[in-house]
Structure formats: C-alpha cells, structure tokens
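Ready to get to know a new structure by working through some exercises? Try each task yourself before you read the solution below it.

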Amino acid sequence: MRSQGQVRFIRISSRVQMAAAGAATALAAVWLGTMSAAAIARISASSEHAALLDREAAIATSESRVAKYRSSIRETTSDLARRQQFIEQMVEAHIGDLPSDKQAGETVSDSSNEAAETVKKVSAVVPEARGLAEIEAQQIAFVERLTRYADRRSQAASTAIRKLGLNPNAIIAGSNGAEGGPLMKLATAADGSLDPRFQRMGASLARMDALENGLASIPQVSPAHVAYVSSSYGYRSDPFTHSAAFHAGLDFPGPRGSPIYAAAKGKVSFVGRRQGYGNCIEIRHGNGLMTRYAHLSRFKAHVGQKVDAGTVIAAMGSTGRSTGPHLHFEVRINGRPVNPRPFLETARNVQQKAG
C-alpha cells in the first residue's frame, strides 16, 4: 500500500484470511439460496398458472353448455308458443271466437290468477323457464275458454230441445248406448294423470255433441212440399167407416210421384209394406225417436242408408188404406206416436237459434 511517497506492506494473518474466505463462501451460499428460491417460486407460479388456465377452460366449456341449454329452452319455448297460437287460430277460424267472459251460473274454473302467480314464481327461481310458464298459462286459459264455449252451446241446445217438448237429459242418456273398443287412455302428465281442467273440457264437449246431435235428429224439415195438411194428429172421422178414430200422424195431400223428404238426419230402418200403411219407410234418429212415411208409390232409399234432413227418400202415392195420393207422416218416441206438428212448426227456428 502506498502512503506519503513510501510503499508499505500490510501483513494479513492466516486467521483473517480464513475468516474472509468463510464470509465470501457464506455470501455465495446466500446468493445461491436466493436464486434457487426465486427459481422454485417461478416454477411453482408457472404450475399454478397452468392449473388456473385448465380450470378457466373447464369453466368456459360449462358456461358454453349452459348457454346452449338456455338457447335450446328459448327455441323450444318459441316453438311451443307458435304451436299454441296455431291451434287457437285454427279453432277460432272454424268455430268462432271462444268466450273469455264469465256469466252468472257458469261453473267453469278460472285459473288466470293462479297462472299469473305461477309465472311470477317461476321467473324468480328459474328465469330461463319464464316462457314455458307463460305458455302453460296460455294453454290453460284456452282450455277454460273452450270448456265455456261447449257449455254455452249445450245450454242453447237444451233450451231448444225443451221448447220441442223433449227432455235434454233423456237425449243425453239415449246417446249412451252400447259402447266399447280398445282402451286409449288420455293423460296430460308423464305419470298418466289427467288435469281436471282438461277432463272437464272433454266432458263438456261430449255433452255438447250429444245434445246437438239429438237436436239435429228431431224432425225439422217438412216431409212433403204441399200447401196444407188434410188431416191432423188426434181425433178424426175415419174416411172409410166415418166413425170416430185416432189418427197417429199428419196427412199431406199432393200429386202422385211428388218427392218425400227425410224430416231429420238418421238411418233408414225399414223399407217395405205395413198393414194399413201400404208402402212405408221408417227412419230411426236415435234417442228412441223414429219417423214413418206411408202410402208411398216408390222407394228411393234402402235399409241401412244414412240420410240427412231433406234427403229424398220416396215418392208420394196412395198404397195401403188410402183414399187418394198423400203422405201419412208419423213421429214416434220409444214406439209411442206423438204429434209431429210442434216439431215441424218449431224445430227449424229453434235449430237456427241454437246454432
């Protein structure tokens, strides 16, 4: 070491040298430890990052699947909504508007408040299912409107039948004859159960069908297009014996060969001759109701033929116990003759009002 122009030497003992070497080694060890720790930390961080990326990828995949399911629910909901709208449009196009108002005395349920509450709860718990809940509410409302429609038509038909002097309940009972066939159970749920509102709709439609068919089977068309009736139902003087006698029908005089019409829809049950009636056709209309057409010159229908009101079934004649060409027309209920006049005078107007 140089000091004041002179070179001086400092002696370092071996002990000092060993201490310095030990300090240097310790510093190197510390440095290496620090570097190793940093390297390990980097490796650990890299491993955790890779795991994090894997988890993110898994989460992204799950979210995409959930999104897909949500999209599928939306598409399904949209399809169901379109189908329900189509059903309602077709029904209203063919039978008219379904009533949504409630009238006194009606027993059809009204689930609108319940359905609204259901939509509210579903929306809060499962937002994606809100559309399905709304379609369910729309469907139930449609079922209740259709039930209300059927009940009102049944009421109109019942009123019309009573005006004709017949019992609507008897008409319904008469429509439940022999029944059978393979079981085709109806259900509205996966467990095979049937929603009572749907069951009520089916019963109302069946009642409407029975009453309207019964009404259509009541004589409503004059069996002969003539100007007057020559002999009425009830008491009369017999044209052959001139003594008191009971006349079980109406007589329509007219030219021989004039067309004879079915008074109501039904099925021809007899074509042939009956004593006193001559050539005769009988038509059964269901519910114990039968019409008879007598003194015919020609047949234009056959046994088993289904006819509508106004179908030509024969030609006027004077066969059997007859004094001249005319039609003898009878209406019988369960084999008992009844006066045809109220049916022919009332039925057409009643039928129009009922429809």
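**Exercise 1: Two loop residues**

Task: Find His-295, which sits in the loop between S9 and strand S10 (296-299). Is His-295 buried or exposed? Then do the same for Asn-334, found in the loop between S13 and strand S14 (336-338).

Solution: Keep in mind that this is a predicted model. Start with His-295: its relative accessibility is 5%. The cut-off for buried is under 20%, so His-295 counts as buried. Its phi is near 65°, which is a positive value in a residue other than glycine.

Now take Asn-334. Its phi is positive too, at about 55°, although Asn-334 is not a glycine. Its relative accessible area is 66%. Exposed means over 50%, so Asn-334 is exposed.

**Exercise 2: The whole chain**

Task: How many helices and strands does the chain have, and what is its mean pLDDT?

Solution: Begin with the secondary structure, which comes to six helices and 14 strands. Next, look at burial: 32% of the 355 residues count as buried. Then check the contacts between residues at least 6 apart in sequence; 68% of them join residues at least 24 apart.

Finally, turn to confidence. The mean pLDDT of the chain is 78, and 74% of the residues reach 70 or more. Over residues 349-355, pLDDT stays under 50, and the model has ten contacts beyond four places in sequence for them. Where pLDDT is low, the predicted coordinates should not be read in detail.

**Exercise 3: Helix H2 and its two sides**

Task: Which residues of H2 are buried, and which are exposed on the other side?

Solution: First get the helix in view. H2 runs over residues 112-125, so 14 residues in total, and spans 20 Å from its first C-alpha to its last, close to the 20 Å expected at 1.5 Å a residue. Its buried residues are Ala-115, Val-119 and Ser-123. Because these cover an arc of only 70° around the axis, they lie on the same side of H2. Now go to the other side of H2, where Asn-113, Lys-120, Lys-121, Ala-124 and Val-125 are exposed. And what covers the buried residues? The cover includes H3.

**Exercise 4: From H3 across to H5**

Task: What do Thr-147 and Ser-154 touch, leaving out residues up to four places away in sequence?

Solution: Both Thr-147 and Ser-154 are found in helix H3. Thr-147 is buried, with a relative accessible area of 2%. It touches Val-108, Arg-197, Arg-200, Met-201 and Ser-204.

Ser-154 also counts as buried, at 2% relative accessibility. The residues it touches are Ser-204, Arg-207, Met-208 and Leu-211. Along the chain, Ser-154 and Leu-205 are 51 residues apart, yet their C-alpha atoms are separated by 8.6 Å.

Now follow those contacts to H5, residues 196-216. This helix has 21 residues and reaches 30 Å from its first C-alpha to its last, close to the 30 Å expected at 1.5 Å a residue. Its buried residues include Met-201, Ser-204, Met-208 and Leu-211. At the N-terminal end of H5, Asp-195 acts as a cap: one of its side-chain oxygens lies 2.8 Å from the backbone nitrogen of Arg-197.

For contrast, try Ala-141, another residue found in helix H3. Its relative accessibility is 30%, so it counts as partly exposed. Ala-141 and Ser-100 are 41 residues apart in sequence, and 8.6 Å apart in space from C-alpha to C-alpha.

**Exercise 5: The nonpolar cores**

Task: How many residues does the largest nonpolar core have, and which strand supplies the largest share?

Solution: The largest nonpolar core has 33 residues, and those with the most contacts inside it are Ile-218, Ile-260, Ile-281, Ile-283, Tyr-293, Ile-313 and Leu-327. Several elements each supply at least two residues of this core, among them H3, H5, strand S8 (278-286) and strand S13 (326-333). The largest share, four residues, comes from S13.

Zoom in on Ile-281. Not counting residues up to four places away in sequence, it touches residues including Val-268, Phe-270, Tyr-293, Phe-299 and Ile-313. Apart from this core lies another, of eight residues, among them Val-143, Leu-146, Ala-150 and Met-208.

Key
Residues numbered from 1 in each chain as written. Predicted model: local features only at pLDDT ≥ 70, side-chain atom pairs only at ≥ 80, totals over all residues. Heavy atoms only, no water. Buried < 20%, exposed > 50% of the residue type's maximum accessible area, 1.4 Å probe, protein only. Polar contact = N/O pair within 3.5 Å; in protein donor to acceptor, adjacent residues only side chain to side chain. pLDDT = per-residue confidence, 0-100. Contact = heavy atoms within 4.5 Å. Core = buried A, V, L, I, M, F, W, Y, C linked by side-chain atoms within 4.5 Å. Arc of directions from axis to C-beta.
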